[in-house]
Amino acid sequence: MAHSIGGTKTSLMFNVTRRAPELIAPARPTPYEFKELSDIDDQDGLRFQIPVILFYRNEEKHSGRDPARVIKEAVAKALVLYYPFAGRLREKAGRKLVVECNGEGIMFIEADADVSLEDFGDALQPPFPRLEELVFDVPGSTDVLGTPLILIQVTRLKCGGFILALRLNHTMADAPGLVQFMNAVAELARGAQSPSIKPAWERHHLCARDPPRATCEHREYEEVADTKGTIIPLDDMVHKSFFFGPTEIAALKRFVPPHVKSSTFEILTACLWRCRTIALQPDPEEIVRIMCIFNARPLLNPPLPSGYYGNAFAFPVAISSASKLSNNPIGYALELVKKTKAAVSHEYMQSLADLMVLKGRPHFTVVRTFVVSDVTRAGFADLDYGWGLPAYGGPAKGGVGAIPGVASFYIPFKNGKGEKGIVIPLCLPSNAMEIFVKELNGLLSGNPEHPIGRSGSTTFISSSL
(Lines give C-alpha, C1' and ligand atoms only; values in the text may rest on other atoms or scores of the structure.)
Protein backbone atom coordinates (compact mmCIF):
# COMPACT_ATOMS: atom_id res chain seq x y z
CA MET A 1 0.00 0.00 0.00
CA ALA A 2 1.13 3.55 -0.68
CA HIS A 3 1.86 4.97 2.71
CA SER A 4 4.92 5.80 4.76
CA ILE A 5 5.41 2.87 7.12
CA GLY A 6 8.95 3.04 8.50
CA GLY A 7 9.36 6.55 7.18
CA THR A 8 10.62 9.69 8.88
CA LYS A 9 9.57 10.00 12.51
CA THR A 10 7.55 13.20 12.27
CA SER A 11 6.98 13.24 16.06
CA LEU A 12 10.74 13.34 16.73
CA MET A 13 11.73 16.18 19.03
CA PHE A 14 15.22 17.68 19.26
CA ASN A 15 16.92 20.99 19.89
CA VAL A 16 18.75 23.06 17.29
CA THR A 17 21.30 25.64 18.39
CA ARG A 18 21.96 28.22 15.69
CA ARG A 19 24.74 30.76 15.42
CA ALA A 20 23.81 34.25 14.26
CA PRO A 21 23.05 34.34 10.52
CA GLU A 22 25.82 35.82 8.37
CA LEU A 23 26.15 36.98 4.78
CA ILE A 24 28.58 35.08 2.56
CA ALA A 25 29.88 37.33 -0.21
CA PRO A 26 31.80 36.17 -3.30
CA ALA A 27 35.42 35.28 -2.46
CA ARG A 28 36.69 37.83 -4.98
CA PRO A 29 35.31 41.14 -6.33
CA THR A 30 32.52 40.71 -8.90
CA PRO A 31 30.89 43.12 -11.39
CA TYR A 32 28.37 45.65 -10.12
CA GLU A 33 25.55 45.64 -12.66
CA PHE A 34 21.83 45.14 -13.13
CA LYS A 35 20.66 41.93 -14.82
CA GLU A 36 17.10 41.40 -16.01
CA LEU A 37 15.34 38.13 -15.30
CA SER A 38 13.54 36.42 -18.16
CA ASP A 39 9.81 36.83 -18.72
CA ILE A 40 9.41 33.21 -17.61
CA ASP A 41 11.36 33.86 -14.37
CA ASP A 42 9.42 36.79 -13.00
CA GLN A 43 5.84 35.54 -13.33
CA ASP A 44 3.76 35.83 -10.18
CA GLY A 45 3.61 32.08 -9.55
CA LEU A 46 7.40 31.87 -9.04
CA ARG A 47 7.66 34.76 -6.57
CA PHE A 48 8.19 32.62 -3.50
CA GLN A 49 10.90 30.83 -1.54
CA ILE A 50 11.31 27.09 -2.14
CA PRO A 51 13.11 24.83 0.39
CA VAL A 52 15.27 21.79 -0.38
CA ILE A 53 17.05 19.57 2.12
CA LEU A 54 19.87 17.02 2.05
CA PHE A 55 20.89 14.59 4.83
CA TYR A 56 24.48 13.32 4.98
CA ARG A 57 25.91 10.44 6.99
CA ASN A 58 29.12 10.56 8.99
CA GLU A 59 32.10 9.47 6.91
CA GLU A 60 34.98 8.22 9.10
CA LYS A 61 37.59 9.42 6.61
CA HIS A 62 36.31 12.97 7.10
CA SER A 63 36.20 12.97 10.90
CA GLY A 64 37.60 16.27 12.04
CA ARG A 65 36.45 18.21 8.96
CA ASP A 66 33.71 20.72 9.70
CA PRO A 67 31.01 20.57 7.00
CA ALA A 68 29.81 24.09 7.81
CA ARG A 69 33.26 25.57 7.24
CA VAL A 70 33.90 23.49 4.10
CA ILE A 71 30.56 24.41 2.52
CA LYS A 72 30.77 28.08 3.54
CA GLU A 73 34.18 28.45 1.86
CA ALA A 74 32.96 26.62 -1.26
CA VAL A 75 29.87 28.84 -1.49
CA ALA A 76 32.05 31.98 -1.42
CA LYS A 77 34.16 30.56 -4.26
CA ALA A 78 31.10 29.51 -6.31
CA LEU A 79 29.55 32.97 -5.97
CA VAL A 80 32.46 34.47 -7.92
CA LEU A 81 30.97 32.85 -11.04
CA TYR A 82 27.36 32.82 -9.85
CA TYR A 83 27.54 36.41 -8.60
CA PRO A 84 23.88 37.28 -9.42
CA PHE A 85 22.89 34.95 -6.53
CA ALA A 86 24.82 37.31 -4.22
CA GLY A 87 22.70 40.28 -5.33
CA ARG A 88 19.20 41.54 -4.53
CA LEU A 89 16.02 41.67 -6.63
CA ARG A 90 14.48 44.99 -7.59
CA GLU A 91 11.25 45.65 -9.48
CA LYS A 92 11.01 48.04 -12.42
CA ALA A 93 8.01 49.36 -14.34
CA GLY A 94 5.64 46.68 -15.60
CA ARG A 95 6.55 44.43 -12.63
CA LYS A 96 9.82 43.55 -14.38
CA LEU A 97 12.35 41.98 -12.02
CA VAL A 98 16.07 42.75 -12.20
CA VAL A 99 18.98 41.62 -10.04
CA GLU A 100 21.15 44.33 -8.59
CA CYS A 101 24.46 42.48 -8.59
CA ASN A 102 25.91 44.21 -5.54
CA GLY A 103 27.85 41.33 -3.95
CA GLU A 104 25.99 41.57 -0.64
CA GLY A 105 25.95 37.80 -0.46
CA ILE A 106 23.72 34.88 0.40
CA MET A 107 22.57 34.17 3.95
CA PHE A 108 24.35 31.38 5.84
CA ILE A 109 23.44 29.76 9.15
CA GLU A 110 25.67 27.38 11.10
CA ALA A 111 23.86 25.14 13.59
CA ASP A 112 24.08 22.04 15.79
CA ALA A 113 21.31 19.58 16.70
CA ASP A 114 21.23 17.10 19.60
CA VAL A 115 19.99 14.30 17.35
CA SER A 116 21.51 11.57 15.18
CA LEU A 117 20.61 10.75 11.60
CA GLU A 118 19.40 7.32 12.75
CA ASP A 119 16.85 9.00 15.02
CA PHE A 120 14.95 10.23 11.95
CA GLY A 121 13.96 6.65 11.06
CA ASP A 122 15.02 4.09 8.50
CA ALA A 123 13.61 5.92 5.48
CA LEU A 124 14.05 9.67 5.15
CA GLN A 125 11.15 11.36 3.38
CA PRO A 126 8.98 14.47 3.79
CA PRO A 127 7.44 15.69 6.00
CA PHE A 128 10.55 16.17 8.17
CA PRO A 129 10.27 16.92 11.89
CA ARG A 130 11.16 20.44 13.03
CA LEU A 131 11.78 21.55 9.46
CA GLU A 132 11.35 25.18 10.48
CA GLU A 133 14.44 24.76 12.71
CA LEU A 134 16.50 23.08 9.97
CA VAL A 135 15.87 25.78 7.39
CA PHE A 136 15.23 28.81 9.56
CA ASP A 137 13.31 31.70 8.06
CA VAL A 138 15.41 34.55 9.42
CA PRO A 139 13.05 37.45 10.20
CA GLY A 140 13.11 40.00 7.39
CA SER A 141 14.66 37.57 4.90
CA THR A 142 11.60 36.04 3.24
CA ASP A 143 10.40 38.85 0.97
CA VAL A 144 10.97 38.38 -2.75
CA LEU A 145 12.46 41.86 -3.22
CA GLY A 146 15.54 43.22 -1.49
CA THR A 147 16.48 40.10 0.51
CA PRO A 148 19.13 37.35 0.12
CA LEU A 149 18.29 35.19 -2.88
CA ILE A 150 19.57 32.01 -1.21
CA LEU A 151 19.62 30.96 2.43
CA ILE A 152 21.78 27.97 3.42
CA GLN A 153 21.75 26.27 6.81
CA VAL A 154 24.27 23.55 7.72
CA THR A 155 23.22 21.67 10.86
CA ARG A 156 25.78 19.30 12.40
CA LEU A 157 24.32 16.16 14.00
CA LYS A 158 25.68 14.40 17.08
CA CYS A 159 26.47 11.28 15.00
CA GLY A 160 28.93 13.24 12.86
CA GLY A 161 26.54 13.56 9.95
CA PHE A 162 24.92 16.82 8.93
CA ILE A 163 21.90 18.38 7.22
CA LEU A 164 22.26 20.89 4.40
CA ALA A 165 19.05 22.87 3.92
CA LEU A 166 18.64 25.58 1.32
CA ARG A 167 15.94 28.10 0.54
CA LEU A 168 15.86 29.59 -2.96
CA ASN A 169 14.02 32.58 -4.39
CA HIS A 170 12.34 30.61 -7.20
CA THR A 171 12.44 33.51 -9.67
CA MET A 172 16.20 32.97 -9.97
CA ALA A 173 16.35 29.30 -10.95
CA ASP A 174 14.40 26.09 -11.47
CA ALA A 175 15.41 22.64 -10.16
CA PRO A 176 18.06 21.94 -12.86
CA GLY A 177 19.47 25.44 -12.39
CA LEU A 178 19.61 25.12 -8.60
CA VAL A 179 21.27 21.70 -8.82
CA GLN A 180 23.84 23.18 -11.23
CA PHE A 181 24.77 25.81 -8.61
CA MET A 182 24.73 23.32 -5.72
CA ASN A 183 26.93 20.95 -7.74
CA ALA A 184 29.39 23.78 -8.39
CA VAL A 185 29.60 24.28 -4.61
CA ALA A 186 30.01 20.51 -4.15
CA GLU A 187 32.85 20.30 -6.69
CA LEU A 188 34.69 23.18 -5.02
CA ALA A 189 34.10 21.62 -1.59
CA ARG A 190 35.77 18.43 -2.85
CA GLY A 191 38.82 20.38 -3.96
CA ALA A 192 38.19 21.33 -7.61
CA GLN A 193 39.81 24.56 -8.78
CA SER A 194 36.69 25.56 -10.74
CA PRO A 195 33.23 24.11 -11.47
CA SER A 196 32.90 21.71 -14.40
CA ILE A 197 30.01 23.74 -15.86
CA LYS A 198 30.45 27.46 -16.41
CA PRO A 199 27.22 29.37 -15.63
CA ALA A 200 25.43 31.31 -18.35
CA TRP A 201 22.95 34.11 -17.56
CA GLU A 202 21.56 35.04 -21.01
CA ARG A 203 17.97 35.35 -19.80
CA HIS A 204 17.06 37.18 -23.00
CA HIS A 205 16.53 33.77 -24.63
CA LEU A 206 13.22 33.48 -22.75
CA CYS A 207 12.01 37.06 -23.01
CA ALA A 208 9.00 38.34 -24.93
CA ARG A 209 9.14 39.36 -28.57
CA ASP A 210 8.68 42.97 -29.64
CA PRO A 211 5.82 43.40 -30.02
CA PRO A 212 4.64 40.50 -27.81
CA ARG A 213 2.04 38.19 -29.33
CA ALA A 214 0.56 35.17 -27.55
CA THR A 215 0.10 32.61 -30.33
CA CYS A 216 -0.84 29.56 -28.22
CA GLU A 217 -3.65 28.81 -25.82
CA HIS A 218 -2.56 29.15 -22.19
CA ARG A 219 -5.52 28.04 -20.10
CA GLU A 220 -3.16 27.55 -17.14
CA TYR A 221 -3.35 31.33 -16.66
CA GLU A 222 -7.11 31.74 -16.96
CA GLU A 223 -8.68 34.07 -14.44
CA VAL A 224 -11.11 31.89 -12.50
CA ALA A 225 -13.20 33.30 -9.67
CA ASP A 226 -13.27 31.15 -6.54
CA THR A 227 -17.04 31.50 -6.22
CA LYS A 228 -17.50 28.31 -4.20
CA GLY A 229 -14.61 28.68 -1.78
CA THR A 230 -12.70 25.90 -3.50
CA ILE A 231 -9.13 26.98 -2.83
CA ILE A 232 -7.79 24.53 -0.24
CA PRO A 233 -8.18 25.90 3.31
CA LEU A 234 -4.87 26.37 5.09
CA ASP A 235 -6.09 25.31 8.53
CA ASP A 236 -6.15 21.63 9.42
CA MET A 237 -3.68 20.70 6.67
CA VAL A 238 -2.04 17.27 6.81
CA HIS A 239 1.30 16.39 5.17
CA LYS A 240 1.87 12.78 4.12
CA SER A 241 4.27 11.05 1.77
CA PHE A 242 3.40 8.10 -0.45
CA PHE A 243 5.94 5.62 -1.78
CA PHE A 244 5.50 4.05 -5.21
CA GLY A 245 7.90 1.19 -5.87
CA PRO A 246 7.81 -1.47 -8.59
CA THR A 247 4.80 -3.24 -7.00
CA GLU A 248 2.70 -0.07 -6.72
CA ILE A 249 3.58 1.14 -10.22
CA ALA A 250 2.68 -2.26 -11.70
CA ALA A 251 -0.66 -2.16 -9.88
CA LEU A 252 -1.50 1.27 -11.32
CA LYS A 253 -0.39 0.32 -14.82
CA ARG A 254 -3.18 -2.28 -14.91
CA PHE A 255 -5.48 0.69 -15.52
CA VAL A 256 -3.65 1.74 -18.71
CA PRO A 257 -5.80 0.85 -21.74
CA PRO A 258 -4.17 -1.86 -23.93
CA HIS A 259 -3.72 0.46 -26.93
CA VAL A 260 -2.11 3.30 -24.92
CA LYS A 261 1.58 3.74 -24.15
CA SER A 262 2.14 5.34 -20.77
CA SER A 263 5.17 6.46 -18.81
CA THR A 264 5.33 6.01 -15.04
CA PHE A 265 4.91 9.79 -14.64
CA GLU A 266 1.75 9.81 -16.76
CA ILE A 267 -0.09 6.96 -15.03
CA LEU A 268 0.96 8.15 -11.58
CA THR A 269 -0.25 11.67 -12.34
CA ALA A 270 -3.57 10.46 -13.76
CA CYS A 271 -4.26 8.30 -10.68
CA LEU A 272 -3.23 10.96 -8.15
CA TRP A 273 -5.28 13.67 -9.87
CA ARG A 274 -8.36 11.47 -9.85
CA CYS A 275 -7.92 10.35 -6.22
CA ARG A 276 -7.20 13.88 -5.02
CA THR A 277 -10.26 15.26 -6.82
CA ILE A 278 -12.53 12.65 -5.25
CA ALA A 279 -10.98 13.35 -1.85
CA LEU A 280 -11.70 17.09 -2.05
CA GLN A 281 -15.36 16.38 -2.94
CA PRO A 282 -16.07 19.22 -5.36
CA ASP A 283 -19.46 19.76 -6.97
CA PRO A 284 -19.78 17.27 -9.86
CA GLU A 285 -19.86 19.97 -12.55
CA GLU A 286 -17.03 22.02 -11.11
CA ILE A 287 -13.95 22.33 -13.35
CA VAL A 288 -10.72 20.80 -12.03
CA ARG A 289 -7.20 21.21 -13.40
CA ILE A 290 -3.93 19.29 -13.47
CA MET A 291 -0.73 21.15 -14.31
CA CYS A 292 2.41 19.18 -15.13
CA ILE A 293 5.60 21.19 -14.73
CA PHE A 294 7.47 20.47 -17.93
CA ASN A 295 11.17 21.13 -18.53
CA ALA A 296 11.27 22.81 -21.94
CA ARG A 297 15.06 22.83 -22.35
CA PRO A 298 15.14 19.94 -24.89
CA LEU A 299 12.50 21.65 -27.06
CA LEU A 300 14.05 25.08 -27.49
CA ASN A 301 15.56 25.95 -30.86
CA PRO A 302 18.11 27.40 -30.81
CA PRO A 303 18.89 25.59 -27.57
CA LEU A 304 19.65 27.45 -24.37
CA PRO A 305 23.39 27.89 -23.77
CA SER A 306 25.16 25.27 -21.69
CA GLY A 307 25.17 26.42 -18.08
CA TYR A 308 21.85 28.32 -18.28
CA TYR A 309 20.36 28.23 -14.78
CA GLY A 310 17.16 30.26 -15.11
CA ASN A 311 13.62 28.90 -15.10
CA ALA A 312 12.94 27.03 -18.34
CA PHE A 313 9.68 25.21 -17.77
CA ALA A 314 5.97 25.57 -18.45
CA PHE A 315 2.76 24.65 -16.60
CA PRO A 316 0.72 22.96 -19.37
CA VAL A 317 -2.77 22.21 -18.09
CA ALA A 318 -5.49 19.59 -18.53
CA ILE A 319 -9.08 20.44 -17.64
CA SER A 320 -12.11 18.32 -16.81
CA SER A 321 -15.34 18.47 -14.87
CA ALA A 322 -15.04 16.70 -11.53
CA SER A 323 -17.76 14.21 -12.48
CA LYS A 324 -16.14 13.21 -15.80
CA LEU A 325 -12.75 12.78 -14.12
CA SER A 326 -14.25 10.63 -11.37
CA ASN A 327 -16.84 8.61 -13.32
CA ASN A 328 -14.65 7.70 -16.28
CA PRO A 329 -11.99 4.98 -16.19
CA ILE A 330 -8.41 6.01 -15.37
CA GLY A 331 -7.71 6.01 -19.13
CA TYR A 332 -9.71 9.25 -19.41
CA ALA A 333 -7.42 11.10 -17.00
CA LEU A 334 -4.39 9.48 -18.60
CA GLU A 335 -5.23 10.83 -22.06
CA LEU A 336 -5.66 14.33 -20.63
CA VAL A 337 -2.29 14.17 -18.88
CA LYS A 338 -0.58 12.96 -22.07
CA LYS A 339 -2.04 15.91 -24.01
CA THR A 340 -0.54 18.43 -21.56
CA LYS A 341 2.99 17.20 -22.28
CA ALA A 342 2.38 17.24 -26.04
CA ALA A 343 1.34 20.91 -25.92
CA VAL A 344 4.78 22.29 -25.06
CA SER A 345 7.07 23.42 -27.89
CA HIS A 346 9.52 26.23 -28.66
CA GLU A 347 6.66 28.39 -29.92
CA TYR A 348 4.64 27.58 -26.79
CA MET A 349 7.48 28.90 -24.58
CA GLN A 350 7.87 32.04 -26.69
CA SER A 351 4.11 32.60 -26.59
CA LEU A 352 4.20 32.13 -22.80
CA ALA A 353 6.88 34.80 -22.38
CA ASP A 354 4.79 37.13 -24.55
CA LEU A 355 1.67 36.41 -22.48
CA MET A 356 3.49 37.35 -19.26
CA VAL A 357 4.24 40.81 -20.65
CA LEU A 358 0.76 41.27 -22.15
CA LYS A 359 -1.09 40.20 -18.99
CA GLY A 360 1.11 41.77 -16.32
CA ARG A 361 2.93 38.55 -15.24
CA PRO A 362 -0.10 36.73 -13.80
CA HIS A 363 -0.20 33.83 -11.37
CA PHE A 364 -1.22 30.48 -12.79
CA THR A 365 -4.77 29.39 -11.97
CA VAL A 366 -5.03 27.88 -8.49
CA VAL A 367 -8.77 27.24 -8.13
CA ARG A 368 -9.26 23.44 -8.12
CA THR A 369 -5.73 22.99 -9.45
CA PHE A 370 -3.19 20.25 -8.72
CA VAL A 371 0.42 20.95 -9.79
CA VAL A 372 2.95 18.11 -10.10
CA SER A 373 6.69 18.45 -10.62
CA ASP A 374 8.91 15.47 -11.44
CA VAL A 375 12.35 15.99 -9.87
CA THR A 376 13.43 12.34 -10.14
CA ARG A 377 16.14 13.36 -12.64
CA ALA A 378 16.99 16.78 -11.22
CA GLY A 379 20.14 15.49 -9.53
CA PHE A 380 19.66 16.42 -5.85
CA ALA A 381 20.54 12.83 -4.87
CA ASP A 382 23.92 13.12 -6.68
CA LEU A 383 25.28 16.09 -4.73
CA ASP A 384 28.51 15.07 -2.93
CA TYR A 385 30.20 17.73 -0.76
CA GLY A 386 32.95 15.33 0.28
CA TRP A 387 30.86 13.17 2.59
CA GLY A 388 29.42 10.87 -0.07
CA LEU A 389 25.93 10.93 -1.55
CA PRO A 390 23.01 12.13 0.58
CA ALA A 391 20.75 9.71 2.44
CA TYR A 392 17.97 11.99 1.12
CA GLY A 393 18.17 14.89 -1.28
CA GLY A 394 15.25 16.85 -2.69
CA PRO A 395 12.32 19.13 -1.86
CA ALA A 396 11.84 19.66 1.87
CA LYS A 397 8.05 19.35 1.70
CA GLY A 398 5.05 19.17 -0.59
CA GLY A 399 2.43 21.87 -0.92
CA VAL A 400 4.96 24.70 -1.31
CA GLY A 401 4.37 27.79 -3.38
CA ALA A 402 2.68 31.13 -3.29
CA ILE A 403 -0.56 29.16 -2.69
CA PRO A 404 0.23 26.32 -0.22
CA GLY A 405 -1.28 22.88 -0.79
CA VAL A 406 -1.42 23.05 -4.59
CA ALA A 407 1.91 21.48 -5.63
CA SER A 408 3.51 18.06 -5.17
CA PHE A 409 6.88 16.64 -6.19
CA TYR A 410 7.94 13.24 -7.52
CA ILE A 411 11.20 12.49 -5.68
CA PRO A 412 13.59 9.54 -6.28
CA PHE A 413 13.67 7.35 -3.19
CA LYS A 414 14.86 4.07 -1.74
CA ASN A 415 12.61 2.64 0.98
CA GLY A 416 13.59 0.71 4.11
CA LYS A 417 13.60 -2.56 2.14
CA GLY A 418 16.08 -1.17 -0.37
CA GLU A 419 13.47 -0.86 -3.14
CA LYS A 420 13.98 2.05 -5.52
CA GLY A 421 10.93 4.07 -6.40
CA ILE A 422 9.29 7.48 -6.13
CA VAL A 423 8.11 9.25 -3.00
CA ILE A 424 5.40 11.91 -3.36
CA PRO A 425 4.62 14.34 -0.52
CA LEU A 426 1.03 15.57 -0.51
CA CYS A 427 -0.70 18.28 1.49
CA LEU A 428 -4.48 18.04 2.04
CA PRO A 429 -7.09 18.89 4.71
CA SER A 430 -7.27 16.02 7.23
CA ASN A 431 -10.66 14.68 6.13
CA ALA A 432 -9.65 14.81 2.46
CA MET A 433 -6.38 13.01 3.26
CA GLU A 434 -8.34 10.10 4.81
CA ILE A 435 -10.47 9.82 1.66
CA PHE A 436 -7.40 10.12 -0.58
CA VAL A 437 -5.61 7.25 1.20
CA LYS A 438 -8.68 4.98 0.93
CA GLU A 439 -9.18 5.86 -2.71
CA LEU A 440 -5.55 5.30 -3.64
CA ASN A 441 -5.36 2.01 -1.78
CA GLY A 442 -8.53 0.96 -3.58
CA LEU A 443 -6.71 1.40 -6.88
CA LEU A 444 -3.60 -0.38 -5.65
CA SER A 445 -5.54 -3.37 -4.35
CA GLY A 446 -7.78 -3.64 -7.42
CA ASN A 447 -11.00 -2.60 -5.70
CA PRO A 448 -13.71 -1.02 -7.91
CA GLU A 449 -13.24 2.64 -8.69
CA HIS A 450 -15.37 5.03 -6.67
CA PRO A 451 -16.85 7.96 -8.60
CA ILE A 452 -18.29 11.22 -7.34
CA GLY A 453 -22.07 10.94 -7.21
CA ARG A 454 -24.46 13.57 -8.37
CA SER A 455 -24.77 14.91 -4.84
CA GLY A 456 -21.01 15.41 -4.63
CA SER A 457 -20.61 12.64 -2.07
CA THR A 458 -18.30 9.67 -2.40
CA THR A 459 -18.87 5.99 -1.59
CA PHE A 460 -15.95 3.92 -0.31
CA ILE A 461 -15.04 0.31 0.24
CA SER A 462 -12.26 0.68 2.79
CA SER A 463 -9.07 -1.19 2.11
CA SER A 464 -6.38 -2.16 4.57
CA LEU A 465 -3.44 0.21 5.00
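**Strand β6 and its surroundings**

In the predicted model, the residue that stands opposite Val98 of strand β6 is Arg90. The pair belongs to a ladder in which strand β5, residues 88-91, is joined to β6 by 4 bridges, with the two strands running antiparallel. β5 and β6 also form a hairpin with 5 residues between the strands, and within this hairpin Gly94 adopts a positive phi near 70 degrees.

A second partner of β6 is strand β3, which covers residues 33-36 and pairs with β6 over 4 bridges, again in the antiparallel sense. Two positions of this ladder can be named: Glu33 is placed opposite Cys101 of β6, and Lys35 is placed opposite Val99 of β6. Taken together, the 3 strands make up an open sheet with antiparallel pairing, in the order β3-β6-β5. Because β3 and β5 are the edge strands and have a single partner strand each, one side of each of them is left without a neighbour in the sheet. On average, and with direction ignored, neighbouring strands of this sheet are turned by 35 degrees against each other.

The environment of β6 itself was then examined residue by residue. The side chains of Leu97, Val99 and Cys101 point one way from the strand, whereas those of Val98 and Glu100 point the other way, and all of these residues are buried. Since 5 of the 5 residues of β6, which spans residues 97-101, are buried, the strand is largely enclosed by the rest of the structure. Cys101, although it is one of the buried residues of β6, takes part in no disulfide, given that the structure holds 0 disulfides. Cys275 is likewise in no disulfide, and the cysteine sulfur nearest to it, which belongs to Cys271, lies 6.4 Å away; because a disulfide requires two cysteine sulfur atoms within 2.5 Å, this distance of 6.4 Å does not qualify. Cys275 is buried, its relative accessible area being 0%, and Cys207, with a relative accessibility of 17%, also counts as buried.

After β6 the chain enters the loop that leads to β7, and Gly105 is found in this loop. Gly105 has a relative accessible area of 0% and is therefore buried. When neighbours within four places in sequence are set aside, the contacts of Gly105 are with Leu23, Ile24, Ala25, Ala86, Arg88 and Pro148. The C-alpha atoms of Gly105 and Gly87 are 6.4 Å apart in space, while the two glycines are 18 residues apart in sequence.

Elsewhere in the chain, Asp174 occupies the loop between β9 (162-169) and α3, and with a relative accessibility of 4% it counts as buried. Beyond residues up to four places away in sequence, Asp174 touches Arg297, Tyr309, Gly310, Asn311, Ala312 and Phe313. The side chain of Asp174 also reaches the backbone nitrogen of Gly177, at 3.0 Å. Leu46 is 128 residues away from Asp174 along the chain, and the C-alpha atoms of these two residues are separated by 9.4 Å.

Several loops show backbone features that merit separate mention. In the loop between β7 (106-113) and α2 (131-134), which contains Pro127, the peptide bond joining Pro126 and Pro127 is cis, with omega of about -5 degrees. Arg130 lies in the loop between β7 and α2 as well, and its phi, near 55 degrees, is a positive value in a residue other than glycine. With a relative accessible area of 22%, Arg130 is classed as partly exposed. A further cis peptide bond is that between Asp210 and Pro211, where omega is about 0 degrees; Pro211 belongs to the loop between α3 (175-189) and β10 (237-244).

A positive phi in a residue other than glycine is found again at Arg368, where the value is near 55 degrees. Arg368 is part of the loop connecting α8 (346-359) and β14 (369-374). The accessibility of these two arginines places them on either side of the 20% limit that separates buried from partly exposed residues: the relative accessible area of Arg368 is 13%, so this residue is buried, whereas Arg130, at 22%, is partly exposed.

Definitions and conventions. Residues are numbered from 1 along each chain as its sequence is written. This is a predicted model: local features need pLDDT of at least 70, side-chain atom pairs count only at pLDDT 80 or more; totals for chains, interfaces and linings use all residues. Side-chain values use heavy atoms; hydrogens and water are left out. Buried means under 20% relative accessible area, exposed over 50%, partly exposed in between (1.4 Å probe, protein chains only). Two strands pair if DSSP finds at least two bridges between them. Axes are lines fitted to C-alpha atoms, for helices over the stretch in contact, and angles run from 0 to 180 degrees between N-to-C directions. Contact means heavy atoms within 4.5 Å. A polar contact is a pair of N or O atoms within 3.5 Å; within protein, one must be able to donate a hydrogen and the other to accept it, and residues adjacent in sequence count only if both atoms are side-chain atoms.
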